[in-house]
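Trainee: Could you take one helix and look closely at how it is packed, then work outward to the rest of the fold? I would like a single connected account that I can follow in the viewer.

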Amino acid sequence: MKHIKLGDLDVSRIGLGAMSMSHAYTGAGSDDAESIRTIHRALDLGVTLIDTAEVYGPHTNEELVGRALKGRRDQVVLATKFGFMSNTGRQSLDSSPENIRIAVEGSLKRLGTDHIDLYYQHRVDPDTPIEETVGTLAELVAEGKVRHIGLSEAGVETIRRAHAVHPVTALQSEYSLWTRDPEPDVLPVLRELSIGFVPYSPLGHGFLTGQIRSTDDFGDDDWRKNNPRFTGENFQRNLRLADEVKAVADEAGATPAQVALAWLLAQGDDIAPIPGTKRVSRVEENTAADGIQLTVEQLAKLDDLTPAAGDHHDEAGTRLLGG
């Protein structure tokens with residue numbers, strides 16, 4: 001597995017998102033043993049970046065990751081997030097110093113570690129100035145509980161203000177062949193400030209794999225049930241996009257998932273996507289994208305895909321982006 005730098009943090013250029021093992025998708029939490037095997041297989045294949053969050057479960061995903069990493073912690077750049085839930089009884093996007101302090105101690109305990117390598121603010125808290133939030137995180141860095149600071153779905157001005165207080169190592173936001181919002185504004189600023197980029201949902205919540213042709217098999221607790229891109233006419237229109245990705249994959253002798261990841265990797269040597277899965281077979285498929293070189297013509301076809309129909313979050317989720 002090739003490595004890249006997020007700021008000055010060395011990581012495998014394909015990571016593993018652990019959320020779907022415990023949270024938000026059909027079958028989450030149904031087979032912890034397979035999820036742990038998946039994490040172990042990822043490590044064996046050279047993946048070093050493992051991503052979780054306090055809110056996944058809540059808490060159960062960090063506990064799962066902690067169990068999986070027992071005895072192998074030194075092989076991993078361990079990332080987690082705070083601030084999508086409150087431990088103080090205040091509003092949910094709580095990035096107050098008090099909440100951060102409670103959150104980090106809980107995450108450290110659940111993960112079974114004495115430090116977090118990359119600690120993200122999960123969403124920008126409109127009620128706490130970003131300077132105050134980053135100041136608290138800088139104190140945790142000084143105390144050795146956190147090694148690097150990250151932001152998730154932050155806008156350009158927030159990124160600049162945060163970075164002025166303490167170096168931000170990485171931004172995590174949705175980015176894929178069907179969600180290219182970061183390209184015009186965010187990516188140039190990250191590169192100006194030498195901040196790495198960690199795309200979540202690089203496979204479009206599974207849609208870009210070409211395996212989803214109907215939502216009938218989604219459980220009632222699967223958040224995609226109400227996602228605009230998975231409903232109604234938008235879903236039918238987006239099947240065309242998935243078919244276009246498959247056509248390039250057939251030409252490249254790869255799977256659609258591998259092509260979607262290879263396209264992301266071709267966007268720069270400061271990008272480390274974290275495809276999520278709870279299955280060994282999928283992590284093997286995804287990590288193999290590290291060895292795929294798309295041609296100039298194939299990259300051009302992917303750049304010109306039919307744009308996705310529908311917003312990539314519902315109205316409530318969209319309000320939380322880019323603060």
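**Helix 2 and what lies around it**

Mentor: The buried residues of helix 2 are covered by elements that include helix 1 (32–44), strand 4 (49–51), strand 5 (77–82) and helix 3 (97–111). Bear in mind that this is a predicted model. Helix 2 itself spans residues 60–68, and its buried residues are N61, E62, L64, V65, G66 and A68. Note that N61 and E62 are on that list along with L64 and V65.

Just before the helix there is a feature of the backbone to check. The peptide bond from G57 to P58 is cis, with omega near 0 degrees. P58 sits in the loop that joins strand 4 to helix 2. Strand 4 is one of the elements covering the buried residues of the helix. Most peptide bonds are trans, which is why a cis one deserves a look.

Now move outward by way of helix 3, another of the covering elements. Helix 3 is among the elements that supply two or more residues to the largest nonpolar core, as the next step shows. That core has 59 residues, and Y119 and I159 have the most contacts inside it. Two or more residues each come from helix 3, strand 6 (116–121), helix 4, strand 7 (146–152), helix 5 (156–165), helix 6 (186–193), helix 7 (232–252) and helix 8 (256–265). Helix 8 gives the largest share, 8 residues. A second core, separate from this one, has 17 residues and includes M21, I39, A42 and L111. In soluble globular proteins, nonpolar side chains tend to be buried together.

Y119 is a useful residue to centre on. Leaving out residues up to four places away in sequence, Y119 touches T80, K81, F82, I100, A103, V104, L137, L140, V146, H148, I149 and G150.

T133 can be read beside Y119. T133 belongs to helix 4 (residues 130–143). Its relative accessible area is 1%, under the 20% cut-off, so T133 counts as buried. Beyond its neighbours within four places in sequence, T133 is in contact with F82, S95, I100, Q121 and T128. F82 and I100 also appear among the residues that Y119 touches.

Two serines have backbone angles worth checking. S194 has a phi near 60 degrees, a positive value in a residue other than glycine, and S194 lies in the loop between helix 6 and strand 9 (196–200). S201 has a positive phi too, near 50 degrees, and is found in the loop between strand 9 and helix 7. Their surroundings differ in accessibility. S194 has a relative accessible area of 53%, and is therefore exposed, whereas S201, at 16%, counts as buried. Most residues other than glycine have a negative phi.

Next, the pockets. The largest pocket holds about 1,400 Å³ of space. Its lining has 49 residues, with M19, S20, Y25, H205 and W223 nearest the centre. By class, 19 of the lining residues are nonpolar, 20 polar and 10 charged. Helix 9 (280–287) and helix 11 (315–318) each supply at least two residues of this lining, and helix 9 gives the most, with 3.

The second largest pocket has a volume of about 190 Å³. Its lining consists of E153, A154, L171, S173, E174, T179, D181, P182, V186, H312, L321 and G322. Strand 8 (residues 170–174) gives the most to it, with 3 residues. The lining divides into 5 nonpolar, 4 polar and 3 charged residues.

Finally, the whole chain. The protein has 11 helices and 9 strands. Its radius of gyration is 19 Å, close to the 20 Å that the globule rule gives for 323 residues, so the protein is as compact as a globular protein of that length. Along the principal axes, the C-alpha atoms fill a box of roughly 50 × 40 × 40 Å. Of the 323 residues, 56% count as buried. Among contacts with a separation of 6 or more, 75% are between residues 24 or more positions apart.

Methods:
Residues numbered from 1 in each chain as written. Predicted model: local features only at pLDDT ≥ 70, side-chain atom pairs only at ≥ 80, totals over all residues. Heavy atoms only, no water. 1 Å grid on protein atoms, 1.4 Å probe; cavity = no way out; pocket = protein on both sides within 12 Å on 5 of 7 lines; lining within 4 Å. Points joined across faces, edges and corners; volume = space filled by probe spheres on them. Helix = DSSP H or I, 4+ residues; strand = E, 2+ residues; numbered from the N terminus. Nonpolar A, V, L, I, M, F, W, Y, C, P; charged D, E, K, R; others polar. Buried < 20%, exposed > 50% of the residue type's maximum accessible area, 1.4 Å probe, protein only. Contact = heavy atoms within 4.5 Å. Core = buried A, V, L, I, M, F, W, Y, C linked by side-chain atoms within 4.5 Å. Rg over C-alpha atoms; globule rule 2.2 N^0.38 Å.
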